[in-house]
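Reader: Please take me through one part of this model in detail. I would like the sheet and the helices packed around it, then whatever else helps to place that part.

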Amino acid sequence: MNAPHDLSPAAAQRPLPAPMLAALRARFGERLSTAEAVRAQHGRGESVYDAQPPEAVVFCRSTEEVAFVVGLADQHAVPVIPFGVGSSLEGHLLAVQGGVCIDLSGMDRIVQVNAEDLTVTVEAGVTREQLNREIRDTGLFFPIDPGANASLGGMSATRASGTNAVRYGTMKDNVLALTVVTARGEVMRTGTRAKKSSAGYDLTRLFVGSEGTLGVITEVTLRLFPLPEAVSAATCTFPSIDAAVRTTIQIIQIGVPIARCELLDANAIRAVNRHSGLTLPEAPLLLMEFHGSPAGVREQAETVQALAHEHGGTEFQWATTPEERTRLWTARHKSYFAALQSRPGCRCQSTDTCVPISRLAESINESVDEAEASGIPYWIVGHVGDGNFHLSYLFDPDDPREVAEVERLNVSMVRRALRLDGTCTGEHGIGLHKMGYLVEETSPAALEAMKSIKRTLDPKNIMNPGKVLAL
């Protein structure tokens with residue numbers, strides 16, 4: 001199942017038609033690039049795959065410019081790959097059939113803030129950190145935090161999640177409306193700023209998570225939330241991963257409204273300490289955050305501390321100042337790069353799955369046993385408050401045995417999640433690498449319905465072809 005795709009240079013690439021290239025040059029000038037370095041940068045993300053570059057990169061600054069590019073691509077049947085900041089993990093950005101990459105990073109305007117309605121409309125290239133900086137004086141914030149400073153268009157396209165999902169939900173729950181350029185180069189608007197609607201098909205949620213295979217998202221309208229009156233973070237060390245996970249399960253099952261609940265195993269802590277200059281105990285750890293009133297935060301924390309103690313949790317430590325909290329969460333978000341530095345020359349294969357919270361301990365424990373037996377360096381981080389965790393392997397890309405073993409472990413982990421009524425991906429998306437897993441997760445009828453939607457909206461198969469569905 002799901003053997004690595006053949007991504008050799010012989011894969012179905014073809015030069016851009018000369019008339020299309022000429023039209024792009026005339027319209028965009030220096031904002032069209034065919035330079036090898038620029039193309040290579042836009043032909044990969046953070047996946048294990050080698051770069052598979054597009055034939056050209058266009059730096060667009062408006063929905064109208066995106067529509068112009070896609071209209072030309074439709075006319076000449078040329079693939080289109082949207083690009084945000086390049087932080088995706090499952091090969092979403094590889095130009096497996098060549099084509100043109102549309103870089104949306106220059107579309108970085110906050111279009112409209114409606115503080116009274118708790119909504120904001122942004123262009124697709126706005127990043128989550130940029131948004132929160134620019135709206136801070138309104139007393140509001142956008143909570144979805146996948147770790148990387150991803151673009152909000154990319155986060156919508158991949159249905160991103162992250163550390164705050166246990167309380168605030170995922171992009172699926174927080175995108176109200178979209179502006180999308182369709183495969184025919186037409187501009188479509190879905191949804192409104194209203195809190196709810198019963199009008200017609202829910203096209204907004206169709207495009208959220210479509211990974212650029214149905215259209216190019218150029219604007220996003222999002223829910224905002226009031227900044228909490230009080231915020232407190234805490235860390236607690238456990239004698240085992242199982243103890244930490246069972247504590248998390250109890251926290252969720254008794255209804256504690258915890259904002260973040262992150263698991264880091266001993267391997268992750270070791271890498272984070274070395275990379276960020278921390279002195280955390282090198283044992284399984286829960287990193288938690290509580291939002292609310294001062295009294296509410298205190299009550300939540302006391303309840304969690306008591307539960308942790310029942311499972312052997314020790315060294316409960318607080319971080320109440322913004323500087324202390326930022327230091328802890330920055331270290332957590334840098335765990336990926338910290339671990340990479342622990343084995344120079346390695347590549348990282350990171351797989352995420354999500355299961356019902358009651359099956360989380362079983363899923364993680366069995367995955368850890370297999371990881372230990374493999375002998376390949378690994379680490380675990382997880383948004384365990386919503387049943388989602390990431391297991392990452394550091395392997396030598398020049399060692400065929402290690403490459404094959406990592407793929408075997410990934411297959412086993414995903415099939416375990418499916419057996420436990422879970423999903424092959426909680427937030428990374430399908431992209432290139434998990435297409436086979438999607439087949440196993442869905443029914444034949446559901447898969448055919450997805451293919452029918454794709455064929456209808458993208459009859460020439462030019463929108464990020466070769467991803468999500470095999471047509």
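Author: What follows starts at the sheet and works outward. Keep in mind that this is a predicted model.

Take the sheet itself. It is open and has 4 strands. Their order is β1-β2-β4-β3, and the pairing is mixed. Two strands sit at the edges: β1, residues 32-33, and β3, residues 80-83. Each of these pairs on one side only.

Now look at β2 and β4. Strand β2 covers residues 56-59, and strand β4 covers residues 100-103. The two run in the parallel sense and share 4 bridges. Within this pair, V58 lies opposite I102 of β4.

Next comes the helix on the sheet. Helix α3, residues 63-76, packs there and touches β2, β3 and β4. The direction of α3 makes about 170° with that of β4.

Helix α3 has a helical partner as well. Helix α1 spans residues 18-28. The axes of α1 and α3 come within 10 Å and cross at roughly 170°. An angle over 145 degrees counts as roughly antiparallel, so α1 is roughly antiparallel to α3.

Which residues make this contact? From α1 come P19, M20, A23, L24, R27 and F28. They meet E65, F68, V69, L72, A73 and H76 in α3. By class, the contact of α1 with α3 has 9 nonpolar residues, 1 polar and 2 charged.

A charged pair follows the sheet along the chain. R109 lies in the loop between β4 and β5, the latter being residues 110-114. Its partner E123 belongs to strand β6, residues 119-123. E123 and R109 form a salt bridge, with the closest N and O atoms 3.6 Å apart. The two residues are 14 apart, and the pair links distant parts of the chain. Across the whole structure, a search finds 26 salt bridges.

One further helix pair can be set beside α1 and α3. Helix α9, residues 241-253, packs with helix α14, residues 360-374. Their angle is about 165°, and their axes lie 9 Å apart. Helices α9 and α14 are therefore roughly antiparallel to each other. The crossing of α9 past α14 is right-handed.

The contact draws on both helices. In α9, the residues are I241, D242, V245, R246 and I249. In α14, they are L360, A361, I364, N365 and V368. The contact of α9 with α14 divides into 7 nonpolar, 1 polar and 2 charged residues.

Definitions and conventions. Residues numbered from 1 in each chain as written. Predicted model: local features only at pLDDT ≥ 70, side-chain atom pairs only at ≥ 80, totals over all residues. Heavy atoms only, no water. Pairing = 2+ DSSP bridges. Contact = heavy atoms within 4.5 Å. Axes fitted to C-alpha atoms, helices over the stretch in contact; angles between N-to-C directions. Parallel < 35°, antiparallel > 145°, perpendicular 65-115°, else oblique. Left-handed = near helix turned anticlockwise from the far one by under 90°. Nonpolar A, V, L, I, M, F, W, Y, C, P; charged D, E, K, R; others polar. Salt bridge = Lys/Arg side-chain N within 4 Å of Asp/Glu carboxyl O.
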